[in-house]
Amino acid sequence: MKQPAQTKLSCKISVKVTPNARADEIRGFTGDVLVVRIKAQPVDGKANDALVRVVAEALGLPRAAVSLDHGATARKKLLAIEGISREDAMARLAP
């Protein structure tokens, strides 16, 4: 998935999510795609909410700074992140 343009203090990151995992964990990047495992089930947006929470915590940002931009019902999603550059976000999310 091609990464969209970004401004200095915002970015978009492609994410591949695996719901129903044993634990919430960020597995790192495969190419430009962040791989995340989430305990929550993909029902009523629970997995999406958990994804936003886990990524925001890992970045040290408030939950409001991370939002789902595309892919609400798909495993491949696009997150919009405010208040951090793409380079900083990738560095903080790498294991």
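Reader: What makes the face of α2 turned away from its buried side count as exposed, and which residues does that face carry?
Author: That face carries Glu87 and Ala91, which are classed as exposed, a word kept for residues with over 50% relative accessible area, whereas buried means under 20% and partly exposed lies in between, with a 1.4 Å probe and protein chains only. The model is a predicted one, in which local features need pLDDT of at least 70 and side-chain atom pairs count only at pLDDT 80 or more, while totals for chains, interfaces and linings use all residues. Residues are numbered from 1 along each chain as its sequence is written, and side-chain values use heavy atoms, with hydrogens and water left out.

Reader: Which residues of helix α2 are buried, and how do you know where on the helix they lie?
Author: In α2, which spans residues 86–93, the buried residues are Arg86, Ala89 and Leu93. Viewed down the helix axis they fall within an arc of 65 degrees, so they line one face of the helix; the arc is taken from the directions that lead from the axis to the C-beta atoms. Helices here are DSSP runs of H or I with at least four residues, and strands are runs of E with at least two, numbered from the N terminus.

Reader: What do the buried residues of α2 pack against?
Author: They pack against β1 (10–18), β2 (25–30), β3 (33–37) and α1 (46–59), where contact means heavy atoms within 4.5 Å.

Reader: Why are α1 and α2 described as parallel or perpendicular to each other?
Author: Their axes, which are lines fitted to C-alpha atoms over the stretch in contact, with angles from 0 to 180 degrees between N-to-C directions, come within 9 Å and cross at roughly 100 degrees. Angles under 35 degrees count as roughly parallel, over 145 as roughly antiparallel, 65 to 115 as roughly perpendicular and the rest as oblique, and α1 and α2 are therefore roughly perpendicular to each other.

Reader: Which residues meet where α1 and α2 touch?
Author: Val55, Ala58 and Leu59 of α1 meet Ala89, Arg92 and Leu93 of α2. By class this contact has 5 nonpolar, no polar and 1 charged residues, with Ala, Val, Leu, Ile, Met, Phe, Trp, Tyr, Cys and Pro counted as nonpolar, Asp, Glu, Lys and Arg as charged, and the others, Gly among them, as polar.

Reader: What makes β2 and β4 the edge strands?
Author: The 5 strands form an open sheet of mixed pairing in the order β2-β3-β1-β5-β4, and β2 and β4 (66–70) each pair on one side only. Two strands pair if DSSP finds at least two bridges between them; β4 and β5 (residues 76–82) are joined by 4 bridges and run antiparallel.

Reader: How do you know that the sheet is mixed?
Author: β1 and β5 pair in the antiparallel sense over 7 bridges, with Lys16 opposite Lys76, whereas β1 and β3 run parallel and are joined by 5 bridges, with Ser14 standing opposite Val33.

Reader: Why is Val33 called buried, exposed or partly exposed?
Author: Val33 lies in strand β3, and because its relative accessibility is 24%, Val33 counts as partly exposed. Leaving aside its neighbours within four places in sequence, Val33 is in contact with Ser14, Val15, Lys16 and Gly28.
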